[in-house]
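User: Hi! I have a two-chain model open on my screen and would like to talk through its geometry. Could you help me with a few questions?

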Amino acid sequence: MQKSVLRKSIEIIIFIVFIFFLFAPLLSLGIWSVALRWYWPHTLPQKIGFDYWLQALGITKSLTLGAVNVIPAFLLSLGIGIIVVIITMAIATPAGYALAKLKIPALLKGIILILFLLPRAFPQQPVFVNLMLMFNKIGLTGTVIGVIFVHLVVSLVYAVWITASTFSSIPPELEEAARSVGASRLKAFLRITLPISAPGLIASAVFVFLTSMDEFTGTFFVGLPFVTTLPMTLYSASGSNIQFASVTAILLLIPSILFMVLIQRFLKAEYLGGMGG
Amino acid sequence: MTNNLRSELVVRENETGVGVERPRSYTNILPYILVFPAVMVILLLYLYPFLASFWKSFISKEGVLSLANYEKTLRLYRYDILFTLGVTVLSTLIATVLSILLAVYLRLSKSWLANRIGILYRLPIFLPFVVVAQMMRSFLAPHGIFNLFLAKLDLINIENPLQFFNWTGLTFGFVWKEAPFMILIILAGFQMIDDSYIEAAKSVGAKLPQIITKILIPMNKPTILIAVTLVFCSLIGCFSFPYMLIGGKTPVTITVDIAHRVNYFGDYGVANALGVFSYIMVSFLAIYYIRSMMRKGLYD
């Protein structure tokens, strides 16, 4: 009896500590985004309001120092994200299919797999530095196209893994049954494999989209100062105005949480670790 | 079995007189056509700059082959290299212990509170590091909520708040972001262990510490090692968070030094030498990771 009371209290303490450390940093972001005046050491802001939200969203005009308008940055990130999803999926889906379903000599397959594991295993920042040097020569630094290329590299590896794992989970008998009654390989793929693997492919596309939306390091080297995506806007606001930075951070975390809740059950745990380097 | 079926299909195609030559040669090169674009992108935009960072680290400012960049790197950034390694090891260690404990709790407790924690803990996994950085900048600031909270509990003097914009805040943020990811992987491993093992251990009088150290951890060693490896490697290479939290201070992580070398000095030689140091730091674990993924099969 006494033991179970002790156990319950320990559980409650764990829960409170857990909730505090999980949510207090988020709460800090939320409060700062609506704090108009907050002097130390008051527990809560003296004056709250949505002024910074309205200014950041471009609804009211802003004269504040370090003001940002996140709408253009958001649209830019959205546009880059959509293009990156299209290109990445167009390249990754065939590659994932070939790796999972078709015969490739063991040695070559091994080399390809190593190639696709390297970016996850080694730090990517030095790669971006040299990519920037490469892009300098061909005039891609500071351009949207350059940034799209960077996001493509970052997300392609994950997209290939996820699509390959989706395709390999489909029993080969299905496609072979279709082919035995005369369907071509392409037709069997389009009519059988593609519909079954749709959830996995959609999950992969969403993952790619979020990777592009959140990408920081590559854009920092290849894109700045001309291509200001949402994370770059957050970075520059962070040094000058805490309210604008908080608003931008919240806008950036909403799609991440929303989409990931929807797709996480389609993804293997290992892939999630790559989010938002 | 599959091969039999396939040869049977070929035979049947022969019988029906469908053109055999063309489809077969087409099938032979089809895999290469399909993987070609993806491999080319990785070769050109990843592997080439990856190898270039080794090569360029040996090219001095005057354009000759030398160790000058390494000499300069060790002279200027010796301490930062150790700092990076120290913070990463510490963060990985804390995150590992914390996540194993929480995963054990979530595996064994069926209470309402445990279920809530089991859902909520995933949140940080989905947040990008930039957002975590901004969060920690305000949460851990000298006049931030955390110091305010400690002052309300009378744990610190409000006139003299704790400073977190150093290795402590960095470690806190790293653990906050990465421990949940480790829990996700480790808990999935724990859940593969059948209840009967735990029940059997209990029936012969095993206490919780024994269940953890004799059953749960040993049976999950590969999973835990993979989690440790992934976290260690991504923390060594993490740029946004240290840059935004302690970017203008010393000591900093070498990712910050690389950015400074490139942005302020245009010194790619030293930047790449620092990059090579970061490769060396992860090398053992990275090779372990690649080998174990190759053995396990990436997507099976």
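User: In which loop of chain B does Asp154(B) lie?

Analyst: Happy to help, and please keep in mind that this is a predicted model. Asp154(B) comes after helix α7(B) and has a positive phi, near 60°. The next helix along is α8 (167-192), and the place of Asp154(B) is the loop between α7 (145-152) and α8 (167-192) of chain B.

User: Is Asp154(B) buried or exposed?

Analyst: The count of neighbours settles this one. A residue is exposed if 12 or fewer other C-beta atoms lie within 10 Å of its own. Asp154(B) has 8 such atoms within 10 Å, so Asp154(B) is exposed.

User: Which residues of α7(B) are buried?

Analyst: Here the cut-off is 20 or more other C-beta atoms within 10 Å. In α7(B), the residues that count as buried are Phe146(B), Asn147(B) and Leu148(B).

User: What is the omega of the cis peptide bond between Thr250(B) and Pro251(B)?

Analyst: Most peptide bonds are trans. Pro251(B) sits in the loop between α12 (240-246) and α13 (254-265) of chain B. The bond that joins Thr250(B) to Pro251(B) is cis, with an omega of about -5°.

User: Chain A has a cis bond from Leu224(A) to Pro225(A). Where is Pro225(A)?

Analyst: That bond, from Leu224(A) to Pro225(A), is cis with omega near 0°. As for the place of Pro225(A), look in the loop between α9 (217-222) and α10 (230-240) of chain A.

User: How far apart are the end C-alpha atoms of helix α3 of chain A?

Analyst: Start from what the helix should span. With 32 residues (70-101) at 1.5 Å a residue, helix α3 of chain A should span 46 Å. The model agrees with this, as the end C-alpha atoms of the helix are 44 Å apart.

User: On which residue is the kink in α3(A) centred?

Analyst: There is a bend to find as you follow α3(A). The kink is about 25°, and its centre is Met89(A).

User: How many residues of chain B are in contact with chain A?

Analyst: Let's take the chain A side of this contact before the count you want. By class, the residues of chain A that touch chain B are 61 nonpolar, 16 polar and six charged. Helix α1 (residues 2-34) of chain A gives the largest share of that side, 12 residues. Altogether, 83 residues of chain A are in contact with chain B residues numbering 78.

User: Which helix gives the most residues to the largest nonpolar core?

Analyst: The largest nonpolar core has 156 residues, and those that touch the most other members are Leu156(A), Val160(A) and Ile186(B). Leu156(A) touches residues of both chains, among them Ile91(A) and Val41(B). With 16 residues, the helix that gives the most to this core is α6 (residues 144-168) of chain A.

User: How far apart do the C-alpha centres of domain 1 and domain 2 of chain B lie?

Analyst: The domain assignment of chain B gives domain 1 (19-57) and domain 2 (67-296). Four residues of domain 1 of chain B are in contact with seven residues of domain 2 of chain B. The C-alpha centres of these two domains of chain B are separated by 35 Å.

User: What gives the most to the side of domain 1 of chain A that touches domain 2 of chain A?

Analyst: In chain A the assignment gives domain 1 (2-49) and domain 2 (70-272). Five residues of domain 1 of chain A are in contact with six residues of domain 2 of chain A. On the domain 1 side, four residues come from the element that gives the most, α1(A).

User: Which residues does Ile212(B) touch, not counting those up to four places away in sequence?

Analyst: Ile212(B) is part of helix α10 (residues 208-219) of chain B. With 18 C-beta neighbours inside 10 Å, Ile212(B) counts as partly exposed. Leaving out residues up to four places away in sequence, Ile212(B) touches Val104(B) and Ile217(B).

User: One last thing: what percentage of the 300 residues in chain B is buried?

Analyst: Chain B has 14 helices and zero strands. Among its contacts between residues at least 6 apart in sequence, 72% join residues at least 24 apart. Of the 300 residues in chain B, the buried share is 44%.

How values were computed: Residues are numbered from 1 along each chain as its sequence is written. Chains are lettered from A and ligands numbered from 1 in the order in which they are written. This is a predicted model: local features need pLDDT of at least 70, side-chain atom pairs count only at pLDDT 80 or more; totals for chains, interfaces and linings use all residues. Two residues are in contact if their C-beta atoms, placed from the backbone, lie within 7 Å. Helices (H or I, at least four residues) and strands (E, at least two) are DSSP runs, numbered from the N terminus. Ala, Val, Leu, Ile, Met, Phe, Trp, Tyr, Cys and Pro count as nonpolar, Asp, Glu, Lys and Arg as charged, and the others, Gly among them, as polar. The expected span of a helix is 1.5 Å times one less than its number of residues. The bend at a residue is the angle between axes fitted to the seven residues ending there and the seven starting there. Domain bounds come from an automatic or database domain assignment. A nonpolar core is a set of buried Ala, Val, Leu, Ile, Met, Phe, Trp, Tyr and Cys residues joined through C-beta atoms within 7 Å.
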